[in-house]
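This report looks at a helix, a sheet and a single strand residue, and at how each sits among its surroundings.

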Amino acid sequence: MLLVALSGKAQGKECFGLFTDRDLYTSGETILLKAFTPSSVQGGILTIDLFNAKGEMITTVPLQITDHQADGFINLNDTLSSGSYLLRVFSQTSVTQTVRELYILNRFTGVSENGPSFRPDGAVEGPDFVSTEISMAGIEKNYQRRGKGHLSIHLPASLVAQAEGPLCLYVAQTVPEYHAQTLVLNHKPKFTVNAGNEGIILSGTVTDPVTAKPFKNGVITLAVPDSIPRFNYYTTGANGRFYFQLKDYHGRISLVLQGYDALSNRPLKITLDRKENLLPALPPFRNGIFPPELRKMAAKNVEAFNFGRIFKQQQITVQMAPISRTDAYPFYGVPERVIYPKLFVDLNNFEEISRELLQGIKFRDNNHLPTFQILNAQRNSYFTEQPLVLLNGVPVRNMNDIKDLGSREIDRIETSQYERYFGNLRFSGVVAIYAPKFDYEGLKESDDLMKLTLDAVQPRAIFNPAPEDQAVEPDLRMLLLWKPSVNPEPTIGVDFQTSDMRGKFKVFIGGKRKDGKLFFNEQFFEVK
Amino acid sequence: MKRKIWLLVVLLGFLTVSRVAAQEELPGVWNAPKIKGIRFLPDATYQGNPFLNDVFTAGEINLMDGTKIVDVQLKYNNYRDELIYYNADITTQILVDKISVSSFSLADERGDKHFYIKQTVTGYMPGERYLEVLSEGDVVLLVHRKVLLLTCPVYGDPGKEKSMSYQEAFNYYLYNSRKGFELIKPGKNSLLSKLDNSDQQLLLRKILRKNDLKITDEVSFLKAWNLVKSNKMVIHY
């Protein structure tokens, strides 16, 4: 028991299932992924990381869990060097993680002639697969290039009843000489299970810049610049920790974090928990020999991929995320006034704009100390505090950042002259400036202002089938069919079309039972 | 041997503790939804009361984005059709942005629960209103608890503005997603007119007689409405 605990093995625990369309990739290609979650992971987000053999993280992909499973993709960078890589799947609250090996070839260098081949040591165990009576009828041993294939997959009634959610089905090239290993390791969840798993949790600590101690009652704001900006805040406790849940965000997003003392308004230092600090202990690698057949196949794949690039064939289409109703109006409420400065005469700076166009709003740049004053529409007197000033949705604390904005740079100005509240935060009026040409990257990063770009939940990808009329162009597909969500039925019909690629292919179907056990079946054929 | 077992137990205990310590327990309200609004400033005092409840009472707010905020101190202003909440953390009364609210519920001083939904009313005095749901079903019975500020005789509580008073002018609506809104008077004849045919009307008259129910106010109208529903009579409007 002690040995098991120390070795990081996850014996007897329900684990993630992780499948990829292939095991051998060329840099620049796309990995298609399917993950099945343990029953303990109830919806929310799972994360798939790609590491190299040195343990350096290449990319990370958060995926939305639906029906205890998720599917997604990873676009491999052109510059990845040839070698073994590891995909790891886990969630913020899971106690296991599944690591899957794959081999990536650099599309410019291929496999070096004498280079060693690092492979994970097989000492750590993989997930338990249960045997099933899935059968595939109608599959032939050999197919012609650009031939049509049809087969039927028969699932026993017991499996149809027991399957949890859809199954993963694909037809893709396989390399018999390379068997990718899947390993299951323990995972220390960052947060306890009751924290939920609804979205990515961004966490960190705020400290006093003078004493370097965690700061209580610090306000951390999170702004997502957009045409309708999104905003949130967190008030820290005695430990100075802060947390933000990034829910309903899709694709790559830019964020700005700012920290200040709610009482004195002085800036506070923000330190974000870096994901690198949470990297798993990777399984040990051993030095192996690259089989000559695999070397030959790899070279052929690299050549085919490079040639296929000329024709810009896309195997997947990314669907845009649906627009959420939460974006219907900004966090500072429906503005009472919207001014479009471009409709008026050219005004050179914001002071001129405020004098000429902004009713009840005074912006004055005296002795390089710009100040704002807003007339309270409810009390008919000026607020004594500065209003909340937003530039493309990002709170501006130094008014020098906006004083030079003229009417040509500004698309619109939205104002609210009420004492507004967002949770416990109070704003003495709001001036939201939208200047599309303003490079918010120009906002200086400091201890109290942090700019981030991170991948939120990946949008869905749809596999593009073989084009109907491709007589002129070469068909260099190595993935013939990808259906990550097939409903479990007694008989599943599969139609595919082979490409110009010769070699071994496989038909794969896999899934998860309600008791948490994973299952799969695969049949091989050759394209000649 | 016993000593070795003890050592092993202690070591295992240490391993377990260190694993638990690695996890971070999030604070209870780390991701609480935020209510948006502006500061509430009370109107001048007149005769009568514009609020459903004089004091803040516990309630729930359902926001348009699906977020549910529970155990929040609420007050409903009938006159202005506004929802006010009391933020105890900053001791401030805040007027909740109507655009953000989907529905809310609160209890009155007697403890009776009132459930309001925000609806866009068309026809006479169109606009977004909070309507109280009196009865749910295929045809929903709603009431807009409108209060008017009208001039009145100059007799009233000392120290108050005596020339104006809040007076109830409730509007009752039938609502169906297919047909929209229709005003209904809380009376026997209007209820009878919404029934399918004369047989049904006779049946309702009989039921009302049998239950010794005279429709004179909202309570008796609601009782009659529930009798219509329990006898599976079809409402047409």
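A residue is called exposed here if 12 or fewer other C-beta atoms lie within 10 Å of its own, and buried if 20 or more do. The model is a predicted one, and by this count P292(A), K296(A), F307(A) and I310(A) are exposed on one side of helix α3(A), while M297(A), A298(A), N301(A), V302(A) and G308(A) are buried. Those buried residues cover an arc of only 140° around the axis, which puts them on the same side of α3(A). An α-helix has 3.6 residues a turn, so residues three or four places apart point the same way. The buried residues of α3(A) pack against three strands of chain A, β2, β8 and β35, whose limits are as follows.

| Strand packed against α3(A) | Residues |
|---|---|
| β2(A) | 24–26 |
| β8(A) | 96–105 |
| β35(A) | 503–512 |

Helix α3(A) itself has 19 residues, 292–310, which at 1.5 Å a residue should span 27 Å, and its end C-alpha atoms, 28 Å apart, agree with this. Just after the helix, K312(A) takes a positive phi of about 50°.

Elsewhere in chain A, 3 strands form an open antiparallel sheet in the order β24-β25-β26, with β24 (361–366) and β26 (381–382) as the edge strands, each pairing on one side only. Strands β25(A) and β26(A) run antiparallel and are joined by 2 bridges, and L375(A) has Y382(A) in β26(A) as its bridge partner.

In chain B, F181(B) lies in strand β14, residues 180–184, and counts as buried because it has 23 C-beta neighbours inside 10 Å. Beyond its neighbours within four places in sequence, F181(B) is in contact with residues including Y173(B), Y175(B) and G123(B); the C-alpha atoms of F181(B) and G123(B) are separated by 8.5 Å, although the two lie 58 residues apart along the chain.

Note on methods:
Residues are numbered from 1 along each chain as its sequence is written. Chains are lettered from A and ligands numbered from 1 in the order in which they are written. This is a predicted model: local features need pLDDT of at least 70, side-chain atom pairs count only at pLDDT 80 or more; totals for chains, interfaces and linings use all residues. Helices (H or I, at least four residues) and strands (E, at least two) are DSSP runs, numbered from the N terminus. Two residues are in contact if their C-beta atoms, placed from the backbone, lie within 7 Å. Two strands pair if DSSP finds at least two bridges between them. The expected span of a helix is 1.5 Å times one less than its number of residues. The arc is that of the directions from the helix axis to the C-beta atoms.
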